[in-house]
Amino acid sequence: METFGAVVIALLLLLIPVILVSAALGWAYLRSGPLRAANAVQAARDERIRI
């Protein structure tokens with residue numbers, strides 16, 4: 001039973017960096033929202049001018 005507990009603890013410890021990285025990527029994605037929106041507007045204007 002100790003082996004099973006050690007495996008569970010090891011997996012939980014390996015999960016911590018995954019959570020931190022996903023939180024950082026999510027934060028960066030949310031922070032870049034206005035930039036993505038501005039680029040979409042500019043791309044739409046360029047497409048309308050080109051047609």
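The radius of gyration here is taken over C-alpha atoms, and the globule rule is 2.2 Å times the number of residues to the power 0.38. The model is predicted: local features need pLDDT of at least 70, side-chain atom pairs pLDDT 80 or more, while totals for chains, interfaces and linings use all residues. Residues are numbered from 1 along each chain, and side-chain values use heavy atoms, without hydrogens and water.

**Exercise 1.** Set the radius of gyration of the protein chain against the globule rule.

Solution. For 51 residues, a compact globule would have a value near 10 Å. The protein chain has 22 Å. Its C-alpha atoms fill a box of roughly 70 × 20 × 10 Å along the principal axes.

**Exercise 2.** Classify the crossing of helix α1 (residues 2–31) and helix α2 (residues 33–50).

Solution. Helices are DSSP runs (H or I, at least four residues), numbered from the N terminus. The axes, lines fitted to C-alpha atoms over the stretch in contact, have angles from 0 to 180 degrees between N-to-C directions. Those of α1 and α2 come within 4 Å and cross at roughly 45°. Therefore α1 is oblique to α2, given that under 35 degrees is roughly parallel, over 145 roughly antiparallel, 65 to 115 roughly perpendicular and the rest oblique.

Key: Helix = DSSP H or I, 4+ residues; strand = E, 2+ residues; numbered from the N terminus.
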